[in-house]
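Please examine the sequence and the three-dimensional structure shown below. The paragraphs that follow lead through selected parts of it in turn.

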Amino acid sequence: MKNRSKVLSILLATAMAGSMLAGCGGSSSDNGSDTSAESSESGDNSTGALKDDSALAEGNDNELAYTGELSLMHYSTSEESQGNGGSDGFRSCIKSWLNGHPDITINESVLSNDDYKTQIATQAAADDLPDVFLVQGMNTKAWAEQGLILDLTDTIKESPYYDSYNQAFFTPFTVDGKTYGFPVLTTGTCSVVVYDKQAWADAGYDEFPDNWEDIKKADEYFKDNGYSETIAFGNGGQWQINSCFLSVIGDRFTGGDWFQSLVDKSGAAFTDQEFVDALAFTQDIFQSGIFNEDFNAIGNEDAREYYISGDAPAYICGNWDVSYIQATLAEEDTELYENTGFAVLPQPEGATGSTGTQDIGLGYAVAINAKLADDPDKLAAAIDFAEYVTGPAFATYVGENYALQGLTQVDVDLSNFDQFTQDFYNYSYVDTESCEIYDSYINSAVWDVLNTQTQSMLNGDTTPEDVAAATQEAYESNY
Amino acid sequence: MLSKKPKARVIFGYLCIPMLLYIFAVFVPLVAALFYSFFEWKGGPNKTFIGIENYITLLKDATFWQSFGHNIYLVILCVIGQVGVAFVFVMIIGTRFVKLKGIHRTFGFFPSTISAVAVGFIWTMIYDNRRGILNWFLRAIGQEDKTQVWLNNPDLVMTLVAIPLIWQFIGYYMVILLSATAAIDKEVLESAELDGASAFQTAIHIVMPMIKSTIVVCIVLCVSGNMKAFDNIYVMTAGGPGTSSMVMAMYGYSVSFQQQNMGYGSAISVGIFVLGLLVVGLTQLLQKAATREKE
């Protein structure tokens with residue numbers, strides 16, 4: 001009896017200690033196994049889907065003095081790379097670069113985007129960043145001031161691909177004239193109206209209306225004809241209204257200079273009348289009933305199902321939703337797939353800042369840990385890696401396989417793609433004017449306040465003036 | 001069967017493992033948070049010492065106090081809903097009319113083994129405006145005008161996010177209370193029955209006083225558990241609409257990690273700790289006062 005209880009207690013104690021230790025070490029060991037499992041997996045993907053990866057050979061084997069390990073953290077998981085051109089291109093580039101540099105190993109930590117943001121912020125706080133990682137536009141200023149990330153201004157100018165870079169993409173990563181990263185992955189719009197061309201033609205509109213009055217008129221038609229709403233939208237996560245709506249509507253009212261002035265802290269304020277007008281318009285339009293009534297309670301993932309299932313003839317979203325809609329419709333509803341078109345947000349009445357804009361850019365850049373400055377060989381390897389994954393090899397790969405663009409400009413031959421892909425390419429890069437994505441700039445403390453307050457405002461629980469005042473207060477105390 | 005008392009160093013050795021883990025996982029972070037709360041620290045190596053400025057901000061922070069109010073509301077609902085309802089269930093299961101007691105106990109306990117995130121998703125589906133079972137039910141019984149976007153109603157949202165919590169943990173307290181009632185001498189209950197006590201009288205005057213200490217433990221567990229509520233609310237509303245379902249832990253998380261204001265976030269954590277202690281302490285004081293009066 002005594003022996004039994006002793007054995008039992010030892011067992012229990014071991015189990016408890018074991019489980020607690022496993023809890024502590026969980027993330028790192030997971031990452032390790034993920035990485036090894038994933039790299040072999042991604043190899044299978046690229047051959048299995050028969051993607052053209054001949055472009056990846058360009059510049060993947062520049063001679064480097066460094067041998068050893070390079071730590072890298074990013075969020076292009078193998079799940080994400082299924083169907084997401086940017087992730088697939090990034091992962092393929094890592095693989096190809098490693099093939100060209102057999103003496104260097106990359107110690108990868110790959111997390112989903114949400115986890116990545118939390119993890120990288122925590123590591124930044126602890127001054128324990130990996131050698132190479134992705135930085136978000138709105139973190140650049142704070143991390144640069146903390147001395148966490150390396151000033152890459154001269155490196156970028158010396159890059160062999162400098163002439164083909166789209167210079168506009170560097171602005172979110174530039175603070176006081178110094179640039180801290182190579183913008184990475186693919187350029188994607190954060191705001192597009194996806195609509196069913198056939199349904200709108202039936203309602204009497206050959207093209208998506210360019211003003212909101214017509215949408216309100218069309219709303220009557222759609223409600224009478226069995227649709228639940230005219231435009232689907234999901235703001236349950238609170239950021240959607242900012243990225244997919246307000247960045248554009250704000251730009252239409254204020255124009256681009258106002259936002260630049262806000263970023264530069266040279267006079268503009270959230271309480272300026274134009275921006276308050278943009279908020280007031282946003283409140284009015286969301287209370288007009290053209291959107292699904294649960295827009296504040298569901299996420300964009302739920303709202304896009306309203307479009308896919310045919311409950312709504314239009315949906316406002318970002319490029320990440322478009323790739324999901326494309327993949328789903330191609331399999332489940334080819335008729336809607338062929339009828340799907342893209343349009344910019346209609347122009348609000350009285351908005352004179354700009355017209356026909358949509359917010360597009362690169363949200364992340366490859367940044368290099370400032371500590372690498374002490375080790376020139378390692379730094380050279382990190383720079384070579386950063387230039388390669390954002391250079392022509394990546395751009396050609398995603399251009400040829402997905403009709404997407406990145407930092408480096410290359411010509412894309414659209415004739416190999418179907419109408420859906422061609423239309424979206426033209427919407428994103430050719431036919432529209434671009435404006436800035438608000439939350440690529442300033443910082444999250446400000447946007448968190450604006451997003452939370454706006455959600456209440458859309459319910460009618462607070463006024464545009466109060467939202468503007470609260471945001472301005474957060475801006476003044478945090479930026 | 002005679003066991004000799006183990007040596008002191010054996011006891012100490014065994015205790016060392018959990019103590020070290022506890023110190024490492026609870027005590028050190030708490031002291032560290034206290035330390036960081038005196039700095040303006042937006043992440044990274046640079047911190048500026050600003051004394052108690054974070055605490056002054058905290059005292060004036062309307063969102064924090066609103067969140068505290070939400071936590072208190074949650075605590076009250078859950079003490080009644082979890083411990084109260086669990087007690088009623090225990091009394092019902094205890095009667096001789098209920099068959100298959102083991103099955104009731106198992107299925108009652110089942111929800112508390114599900115992760116709070118999954119529970120949040122399940123209930124989000126129930127409340128869903130278009131496909132949710134709640135609105136479907138209202139339509140089915142002809143109350144269509146009562147259907148609404150439930151989680152977007154600022155007045156109701158705290159109650160709505162509390163219901164999954166209550167549902168999830170009734171079984172947990174039920175099992176604790178069941179084991180306590182099982183220890184009551186059957187003869188006591190039988191004699192009460194012979195004396196003509198109704199089920200209600202038995203519950204209030206016999207069972208409750210006899211399992212008083214267990215109920216106190218349940219209430220303390222319930223209060224402290226709900227002071228740190230987070231996961232299911234985060235999944236269901238992320239604190240929205242606006243800040244209508246923001247609770248303290250979520251506010252601390254959002255300030256620390258989403259706004260990357262680690263210094264102020266630490267001050268919030270210390271605030272949560274102090275307020276949590278106060279509330280639990282207050283509960284125990286109230287209980288002591290209440291039981292003393294009865295005696």
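Leaving aside residues up to four places away in sequence, Ile290(A) touches Trp212(A), Ile215(A), Lys216(A), Asp219(A), Glu229(A), Thr230(A), Ile231(A) and Ile285(A). The coordinates discussed here are those of a predicted model. Ile290(A) belongs to the loop that runs between helix H11 (273-287) and helix H12 (300-308) of chain A, and its relative accessibility of 0% places it among the buried residues. The C-alpha atoms of Ile290(A) and Glu220(A) lie 8.9 Å apart, although 70 residues separate the two in sequence.

This residue is set in a chain with the following overall make-up. Chain A contains 19 helices and 14 strands, and 57% of its 479 residues count as buried. Of the contacts in chain A between residues at least 6 apart in sequence, 77% join residues at least 24 apart. The exposed area of chain A is about 19,500 Å², with 46% supplied by carbon and sulfur atoms.

Two of the residues touched by Ile290(A), namely Lys216(A) and Glu229(A), also lead to the charged pairs of the model. Side chains of opposite charge can pair when their charged atoms come close. Lys216(A) forms a salt bridge with Glu213(A), in which the closest N and O atoms are 3.7 Å apart. Because Glu213(A) and Lys216(A) are 3 residues apart in helix H8 (residues 212-224) of chain A, about one helical turn separates them. Glu213(A) is partly exposed at 40% relative accessibility, and Lys216(A) is likewise partly exposed, at 33%. Elsewhere, Glu229(A), Asp311(A) and Arg130(B) are joined into one network by salt bridges that share partners.

A further pair within a helix is formed by Glu145(A) and Lys141(A), whose side chains meet in a salt bridge at 3.3 Å, N to O. These two residues are 4 apart in helix H5 (residues 137-145) of chain A, so they too are separated by about one helical turn. Glu145(A) is exposed, with a relative accessible area of 53%, whereas Lys141(A) is partly exposed at 22%. The salt bridge between Asp423(A) and Lys197(A) has an N to O distance of 3.7 Å. That pair links distant parts of the chain, with Asp423(A) in helix H17 (residues 419-430) and Lys197(A) in helix H7 (residues 197-202) of chain A, 226 residues apart. Lys197(A) is partly exposed, at 29% relative accessibility. Over all chains, the search finds 12 salt bridges.

The interface between the chains can now be considered. The size of an interface is often given as the accessible area lost when the parts come together. Between chain B and chain A the buried area is about 2,900 Å², and carbon and sulfur atoms give 51% of it. Chain B contributes 34 residues to the contact and chain A contributes 40 residues. There are 11 residue pairs in polar contact across this interface, and the count of salt bridges between the two chains is 2. One salt bridge joins Arg130(B) to Glu229(A), with the closest N and O atoms 2.4 Å apart. On the side of chain B that touches chain A, H1 and helix H12 (248-258) of chain B each supply at least two residues.

Helix H1 of chain B, residues 8-36, also holds Phe27(B). Phe27(B) is part of a nonpolar surface patch with Ile11(B), Leu15(B), Met19(B), Tyr22(B), Ile23(B), Val26(B), Val28(B) and Val31(B), and together these residues have about 810 Å² of accessible area.

Some loops merit attention for their backbone geometry. Most residues other than glycine have a negative phi, and most peptide bonds are trans. Asp127(A), which is not a glycine, has a positive phi of about 55°; it lies in the loop between helix H4 (113-125) and strand E3 (132-136) of chain A and is partly exposed at 28% relative accessibility. Leu100(B) also has a positive phi of about 55°. Leu100(B) lies between helix H3 (62-94) and helix H4 (101-109) of chain B and is exposed, at 59% relative accessibility. In the loop between helix H11 (231-236) and H12 of chain B lies Pro241(B), which a cis peptide bond with omega of about -5° joins to Gly240(B).

A last loop, between strand E14 (433-435) and helix H18 (444-458) of chain A, contains Asn443(A). Asn443(A) is buried, with a relative accessible area of 16%, and its side chain reaches the backbone oxygen of Asn478(A) at 3.0 Å.

How values were computed:
Residues numbered from 1 in each chain as written. Chains lettered and ligands numbered in written order. Predicted model: local features only at pLDDT ≥ 70, side-chain atom pairs only at ≥ 80, totals over all residues. Heavy atoms only, no water. Buried < 20%, exposed > 50% of the residue type's maximum accessible area, 1.4 Å probe, protein only. Contact = heavy atoms within 4.5 Å. Areas by Shrake-Rupley, 256 points an atom, 1.4 Å probe, with all protein chains shown as cover. Polar contact = N/O pair within 3.5 Å; in protein donor to acceptor, adjacent residues only side chain to side chain. Patch = residues over 30% accessible without salt bridge, like charges linked within 9 Å, V, L, I, M, F, W, Y side chains within 5 Å. Salt bridge = Lys/Arg side-chain N within 4 Å of Asp/Glu carboxyl O. Buried area = accessible area lost by both parts, 1.4 Å probe.
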